[in-house]
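Please open the model in your viewer and keep the selection tool at hand. The tour goes from a surface patch to a pair of helices and then to several charged pairs.

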Amino acid sequence: MSGLSLAVAPRTDPATDQTVTAPGKHQKMMKPEVEQQAVVGGVMGSLRVIELQLVAFIMVFSASGLVPLVDLVFPAFASAYLLVLSRLAFPAHGSGSLGSSARETFEGRKLLMFRVYVMVGTTIGMFLPLAYVLGGFARGDEHALRCATPSLFLLSFQILTENIISGLSLFSPPIRALVPLLYTVRRIFVIIDWIQDVWVNKTLPPNPQLTDVAWDWFGKGLAVANLIYFSINLFGFIIPRFLPRSFEMYFRQRDEIHAKVAEDKRSAKSAAAANTSSQKPTADTKKAD
């Protein structure tokens, strides 16, 4: 999530695929290849389930009237802007995976810590706010619903967009990195409004029960935790590490393609020159005869 799901995606390397299918090892590598296809199929199936769940969340949130118009329009604006950038500014050059680049940043123990970091973010950003919204429905707390629903709506749209874009080769690494950047920036402003609502605008009734006090502090703590985590995610990971890696991969792919095209042109010219030089002695021999 938040772009971090791309960083822990399975790595695909065409060179590795060629090595696996080398002659003399065909029978030995058939079983791992079948297993790999089964794993990929299972992952794609789970992604389809996740996408359906996210679509259901988005439809419910949109129809509930709890999401402001600005947040309802934002995904359409972000999607249109990313499409324009993918065609005009950063067209796709190859089949490079942004997940492999981000994965190379974290190896060994760092990768394990990174996975824990992602799980913590999923819990803080998705599971606990969803529980807060469901608890608000059960308690009849409309204020809690209006505070937490916009952030959940944007996060659901972000994860759905990331899952769709990461499965398409039409989008280059910078476009994939801009998805979490745009949504996280917008969601931070939404979370700030959430904090203001639960810390300033909401007041407890006189002589509240213990459950009401605990529920109130749960909402306050959850809002602060979301702001802290996604601020760290934006300023500590996406901007300084994730975004530069994506642009580095993109321009490296572009330079490699340009170098290959130039080399092919030089090879074609040298082959044509060699062919021309080999034809000249033949013509001179015919004239002498």
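A residue counts as exposed when its relative accessible area is over 50%, and as buried when that value is under 20%, with partly exposed in between. Bear in mind throughout that this is a predicted model.

Begin by selecting Leu69, which belongs to helix α4 (residues 69-88) and, with a relative accessible area of 63%, is exposed. Add Leu72 and Val73 to the selection, and you have a nonpolar surface patch which, together with Leu69, has about 260 Å² of accessible area.

Next, show α4 together with helix α8 (residues 173-201): the two pack at an angle of about 155°, and their axes lie 11 Å apart. The helices are therefore roughly antiparallel to each other, and the crossing of α4 past α8 is right-handed.

Now turn to the charged pairs, since the structure contains seven salt bridges. Select Asp71 and Arg186, whose side chains meet in one of 2.8 Å, N to O; because Asp71 lies in helix α4 and Arg186 in helix α8, this pair ties together parts that are 115 residues apart in sequence. Asp71 is buried, at 3% relative accessible area, whereas Arg186 is partly exposed, at 22%.

Move on to helix α9 (residues 210-288), where Asp216 and Lys220 lie four residues apart, about one turn of the helix, and where their side chains form a salt bridge of 3.2 Å, N to O. Asp216 is buried, with a relative accessible area of 5%, and Lys220, at 11%, counts as buried.

Finish at Asp255 and Arg254, whose side chains meet in a salt bridge of 4.0 Å, N to O; Asp255 is partly exposed at 43% relative accessible area, and Arg254 is partly exposed at 30%.

Conventions:
Residues are numbered from 1 along each chain as its sequence is written. This is a predicted model: local features need pLDDT of at least 70, side-chain atom pairs count only at pLDDT 80 or more; totals for chains, interfaces and linings use all residues. Side-chain values use heavy atoms; hydrogens and water are left out. Patches are made of residues with over 30% relative accessible area and no salt bridge: like charges are joined within 9 Å, nonpolar side chains (Val, Leu, Ile, Met, Phe, Trp, Tyr) within 5 Å. Accessible areas come from the Shrake-Rupley method with a 1.4 Å probe; for residues, only the protein chains shown count as cover. Buried means under 20% relative accessible area, exposed over 50%, partly exposed in between (1.4 Å probe, protein chains only). Axes are lines fitted to C-alpha atoms, for helices over the stretch in contact, and angles run from 0 to 180 degrees between N-to-C directions. Angles under 35 degrees count as roughly parallel, over 145 as roughly antiparallel, 65 to 115 as roughly perpendicular and the rest as oblique. A crossing is left-handed if the near helix is turned anticlockwise from the far one by less than a right angle, and right-handed if clockwise.
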